[in-house]
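Opened a new notebook page for this one. I wanted to look up confidence, then holes, then one of the sheets.

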Amino acid sequence: MANALFGPAAQGLLTGEIDLDTAAIKAAFVRGYTFVATHKFVSDVTGAGGVLNGTSAALTGLNVSTAGVVDADDTTATTVASAANHSVLLFQASAVTGGADVAAGAQRLIAYLDSGTSLPIQPGSGATAINFDNGANKIFKVG
Amino acid sequence: MSRLFNGGVSADSITFAVGNAPPDEGPITMAALVKPATATNWLGWVMAGIAGGANIWSMLVFNQKWFIERDFSAGSGPFTTDWYWAVVTKASGSTLPRWHFKNVTTGGAWSHTDAANTVTDGTGPITSLRVGNDSAGSTGDAWHGNIAACATWTSALADLAVEAACTLAASDLAAAAPGWMVRLNQANVATPVTDDTGGGGDQTAISGTSVDAAEPLGWSYALATSVSPTGFAVPVTFGSPTIVTPAAPVATVHLTGSWNGLADIARLNAQEAEQERRDGPRACPDCGEPLVRNQRTGVLGCTFDGWTFSGSTPLFDAFSL
């Protein structure tokens, strides 16, 4: 499949339950998961067999342009070597107002990224970089 | 993590489709990241290209020395129970194989040494490829120890190219564009081993083997150390709004100066004329002083200049009768 936004993420962005430039947004490598558009929380992913293998710090430089383009600084996640294919999960780790991470059952899913250079990846042990697209759509673009 | 082959006890092996592996033993490069189980005298194949039930090309250990197929010399190389890269290259025809070794456990330097005897290419093309054993597939021919990765090229890599390909990163091995390459880091032997080149040299059969926690210190199985997700666009789609207009305007106000505005002025003038005709004038036409009706005569007049209204005032007259 192609990179995609979770359905409830669109709802959350429009209703203010997800705030990209206030909340802590993180990226994680995930394996053993098949994208389900209706999934809403990180716990939905793990409940469906997904295993998170390395989560980044809160993304920095997260910016939403007037053209609806979402971008952030490149980041890294510390992974454990695995022969299984991994994709990238983007999620709101904190409450909508920011702060510490909340439970997985309250962490809002945003996007599932399985397409791009070296994706899916069988990561090694150590820091695995996530370099966001520098093209027109950056991470993703609305509209 | 790596795959353990229990040669001498069981006939462990993994068989693969040919993919883009070398058809015969020249030109060829065979590379394997291995850890022998014991530094004793035993016989075991790391890998073999097979056709017609015979080995066409292979890399093996016999009595603590390394050989390739049809090498009847005294053998080559160091032999320890450390993890190390064992690589052999050979040009086409009857030529000397060249051995390349690097101990990755101790971090020693590369050695590059020609074998003592020339070796022929054999008659290919191969029809299958086997890791951990040879065409016979017997317990006595199986590899004793761990294997982390294997690769082959249809060319004889130069010494520096061998060093660049065989590092502590599987990504370097893949970047050297082998014709066939496998990593044995599957967490379960039931997971088939696939050809990392995408050339189709995937696992077709397996006999025994086990997953072992041992792997070379600092070795990374990752084919990449970074990912770059492709940006994507989320389209915004709209419904079609319906605008309902009121049944009739609540009020119409015309702009001054418009034709409708002039019509309004004409209507107002007519109303004022009608009022004056009915009630008489309200102000003196000479000085604008409000007219006062004489209580005795009933005549409208100006108390300032004495002007009097001589016309009739129907409404007043009617009430005066």
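My entries on confidence, empty space and strand pairing follow.

**Confidence**

I am working with a predicted model, so I checked pLDDT before anything else. Chain A comes out with a mean pLDDT of 94, and 100% of its residues reach 70 or more. I then went through chain A element by element. The lowest mean, 90, belongs to strand S12 (residues 126-130) of chain A, and the highest, 98, to helix H2 (residues 42-47) of chain A. Note to self: where pLDDT is low, the predicted coordinates should not be read in detail.

**Largest pocket**

Next I asked which residues lie nearest the centre of the largest pocket. I got Ser82(A), Ala83(A), Ala84(A), Asn185(B) and Gln186(B), so residues of chain A and chain B are both on that list. The whole lining has 16 residues, and the space comes to about 320 Å³. By class I logged 7 nonpolar, 6 polar and 3 charged residues in this lining.

**Second largest pocket**

I put the second largest pocket at about 240 Å³, with 13 residues in its lining. Nearest its centre are Leu5(A), Ala10(A), Leu13(A), Leu14(A) and Val142(A). Helix H1 (7-15) and strand S13 (140-142) of chain A are the elements that give two or more residues to this lining. H1(A) gives the most, with 3 residues. What is the class make-up of this lining? I noted 12 nonpolar residues, 1 polar and no charged ones.

**Cavity**

I also looked for enclosed space. The count is 1 cavity of 30 Å³ or more, with a volume of about 30 Å³. Its lining is made of Leu20(A), Ile25(A), Leu59(A), Leu62(A), Val70(A), Leu90(A), Ile139(A) and Phe140(A). I checked the classes here too: 8 nonpolar, no polar and no charged.

**A sheet in chain B**

Then I moved to chain B and traced an open sheet of 6 strands. The order reads S6-S5-S4-S10-S2-S13, with antiparallel pairing. At the edges I have strand S6 (65-68) and strand S13 (203-207) of chain B, each pairing on one side only. Averaged over neighbours, the strands of this sheet are turned by 15° against each other, direction ignored. A reminder I jotted in the margin: strands of a sheet pair through backbone hydrogen bonds, either parallel or antiparallel.

**Zooming in on S4, S5 and S6**

I followed the S6 end of the order inwards. Strand S5 (residues 54-62) of chain B pairs with S6(B) in the antiparallel sense over 4 bridges. One bridge I looked up there joins Val61(B) to Trp66(B) in S6(B). On the S4 side, strand S4 (residues 43-51) of chain B and S5(B) are antiparallel over 8 bridges. For Leu43(B), the partner in S5(B) is Phe62(B).

Both connections are hairpins, so to speak of the turns in order: S4(B) and S5(B) have 2 residues between them, and Gly52(B) in that turn shows a positive phi of about 60°. S5(B) and S6(B) also have 2 residues between them, and here Asn63(B) has the positive phi, about 50°.

Last lookup: why do I call S5(B) largely enclosed by the rest of the structure? Because 7 of its 9 residues are buried, which here means under 20% relative accessible area.

Conventions
Residues are numbered from 1 along each chain as its sequence is written. Chains are lettered from A and ligands numbered from 1 in the order in which they are written. This is a predicted model: local features need pLDDT of at least 70, side-chain atom pairs count only at pLDDT 80 or more; totals for chains, interfaces and linings use all residues. Side-chain values use heavy atoms; hydrogens and water are left out. pLDDT is the predictor's confidence in each residue, from 0 to 100. On a 1 Å grid over the protein atoms alone, a cavity is a set of points where a 1.4 Å probe fits but cannot get out, and a pocket is an open set with protein on both sides within 12 Å along at least five of seven lines; lining residues have an atom within 4 Å of a point. Grid points are joined across faces, edges and corners, and a volume is the space filled by probe spheres set on the points. Ala, Val, Leu, Ile, Met, Phe, Trp, Tyr, Cys and Pro count as nonpolar, Asp, Glu, Lys and Arg as charged, and the others, Gly among them, as polar. Two strands pair if DSSP finds at least two bridges between them. Axes are lines fitted to C-alpha atoms, for helices over the stretch in contact, and angles run from 0 to 180 degrees between N-to-C directions. Buried means under 20% relative accessible area, exposed over 50%, partly exposed in between (1.4 Å probe, protein chains only).
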